[in-house]
Amino acid sequence: MDIFAGLAHGFSVALMPSNLLWCLVGCFLGTIVGILPGLGPAATIAMLLPMTYSMSPTSGIIMLTGIYYGAKYGGSTTSILLNMPGESSSVVTCIDGYQMARKGRAGAALGIAAIASFIAGSFGIIALSVMAPPIAVFALSFSSPEYFALMALGLALVVLLAGDSLVKGLIALLVGLWLTSIGTDLFTSQSRFTFGQTSLLSGLDFMIVAIGVFAITEVLSSISDQEETQVLPVPKGFRNLLPNWEELKACRFAFANGSIVGFIIGVLPGAGASIASFISYGIERAFSRHPEKFGTGVPEGVAAPEGANNADTGGALIPLLTLGIPGGGTTAILLSALVLWGVKPGPLMMTESPDVFWGLVASLYIGNVMLLILNLPMVPLFAQILRIPVYILHPLIFGVSVIGAYSVAGRVFDILMLAGFGALGFAMARLKFPVAPLVLGFVLGDAMERALRQSLMMSQGDLSILISRPISAGMLIFAVGVLFLPLLPRFRRLKEAAS
């Protein structure tokens, strides 16, 4: 069955009324899950999995996958409006999205996020349809040294996220790397930096750190500054609730950047949408004509990470469906669901289970349109959240943050940690330390350490394995080049002075 015949068959399956209904249910639930911090698509899919046993495999996988990519749409809402990332991959959206909201462009930021998600999601789905088998083979060429180099390239982006002081950015990055090392060592089973607290043996949860240093910090800063009765300016008029032509034109390269980077990173098992959004944001800032404006509320700073976040879905499904290799927690649960239904993911899935494979691919096209229709009309409604006075909004943010932290593991200890990270973020804000490098280090540190140690096990302790493989060597050279970017303006000034 060729691609066009497969898609035709898939649409005939996906357009069945029952499958359309389950696709809509999955997209709607995913959007809600993305908005609510702490819950996450993996936990939601795991809870709903028993309900799908009575459904056909096609209907079940369509609904569960709808939750997966629907959550990525919804995660931007609270990031933009409340500086509270609903998903780990939406953290980068807080950097410029919330600043746009503070300027009265919350509706435009939400609209750009929805449009970027649609464009990049469509690109990922098309690439999944056309290039799945060869790209899956490319993903297999990545091993531990390549993953270490990829993480090193991601950490090199600290020079673009550090703000005015690179030294402060590096210190924040080191703090993030230290935080991610807390817990039980995966290779030796020894506890590290737990200070006798058994609750820390499993490490720190990303959402607790992110909500603390973003949402709680923002509320504490607002209270400390004694802002007026309204936190953010409310856009007036329907036109101001959507992005204008100038903003969309400024995002045209960001749409392409997020689509390509997100898809490529998504193909690599274990990389994840968080890494894709950070790298896409860094690339966008590095090649921007006005990099100094990033972090102050530029639309490209929303479009690039949101596009990467959603293009990642199409990429992540390639190793899952064609090789049976899950790239993360959510895709691992989807793999379990397919196995429970008697479907065997792998190279023969297209021919052995065409209804499931092509029906799912076709449903991604349909679901992407559904999400755009669901999200764009909701922009004016979401923007009304800005009308809530601070004496209501601040306790609401605190309450949602506490619920989100408690829902991670059901422990009061996590609420205390949330308060601690809120205080840390507030201190960093007062001392002018950027928060983004800390989050970057926390996101990449664990995976980078694991990849390095696995590489050394492969080479029996020989570090040259990192530069003897072409892909890893190329990325490490590029990472070193990125680190020297801040020195270029100084060289130019010295050259001008000498001439």
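Three short exercises on a predicted model follow, each with a worked solution.

**Exercise 1. Cysteines**

Task: Find how many disulfides the model has, and explain why Cys23 does not form one with Cys27.

Solution:
- Start with the cut-off: a disulfide needs two cysteine sulfur atoms within 2.5 Å.
- Take Cys23. The closest cysteine sulfur to its own is in Cys27, 4.3 Å away, so the pair is too far apart for a bond.
- The count by this rule is zero disulfides.
- Now check burial, which requires under 20% relative accessible area. Cys23 has 2% relative accessibility, so it counts as buried. Cys94, at 3%, is buried too.

**Exercise 2. Gly474**

Task: Place Gly474 in its helix, and decide whether it is buried, exposed or partly exposed.

Solution:
- Locate it: Gly474 sits in helix α23, residues 470-483.
- Classify it: the relative accessible area of Gly474 is 37%. Partly exposed lies between 20% and 50%. Gly474 is therefore partly exposed.
- Look across the sequence: Ala149 is 325 residues away from Gly474, yet their C-alpha atoms are 8.5 Å apart.

**Exercise 3. A helix pair**

Task: Describe how helices α4 and α14 cross, and sort the residues in their contact.

Solution:
- Get the geometry: the axes of α4 (residues 57-82) and α14 (residues 300-323) come within 10 Å and cross at roughly 170 degrees.
- Apply the cut-off: angles over 145 degrees count as roughly antiparallel. The two helices, α4 and α14, are therefore roughly antiparallel.
- Add the hand: the α4 and α14 crossing is right-handed.
- List contact residues: α4 contributes Tyr68, Tyr69 and Lys72, among others, and α14 contributes residues including Glu306, Asp312 and Leu317.
- Sort them: the α4 and α14 contact has seven nonpolar, five polar and three charged residues.

Definitions and conventions
Residues are numbered from 1 along each chain as its sequence is written. This is a predicted model: local features need pLDDT of at least 70, side-chain atom pairs count only at pLDDT 80 or more; totals for chains, interfaces and linings use all residues. Side-chain values use heavy atoms; hydrogens and water are left out. Buried means under 20% relative accessible area, exposed over 50%, partly exposed in between (1.4 Å probe, protein chains only). Helices (H or I, at least four residues) and strands (E, at least two) are DSSP runs, numbered from the N terminus. Axes are lines fitted to C-alpha atoms, for helices over the stretch in contact, and angles run from 0 to 180 degrees between N-to-C directions. Angles under 35 degrees count as roughly parallel, over 145 as roughly antiparallel, 65 to 115 as roughly perpendicular and the rest as oblique. A crossing is left-handed if the near helix is turned anticlockwise from the far one by less than a right angle, and right-handed if clockwise. Contact means heavy atoms within 4.5 Å. Ala, Val, Leu, Ile, Met, Phe, Trp, Tyr, Cys and Pro count as nonpolar, Asp, Glu, Lys and Arg as charged, and the others, Gly among them, as polar.
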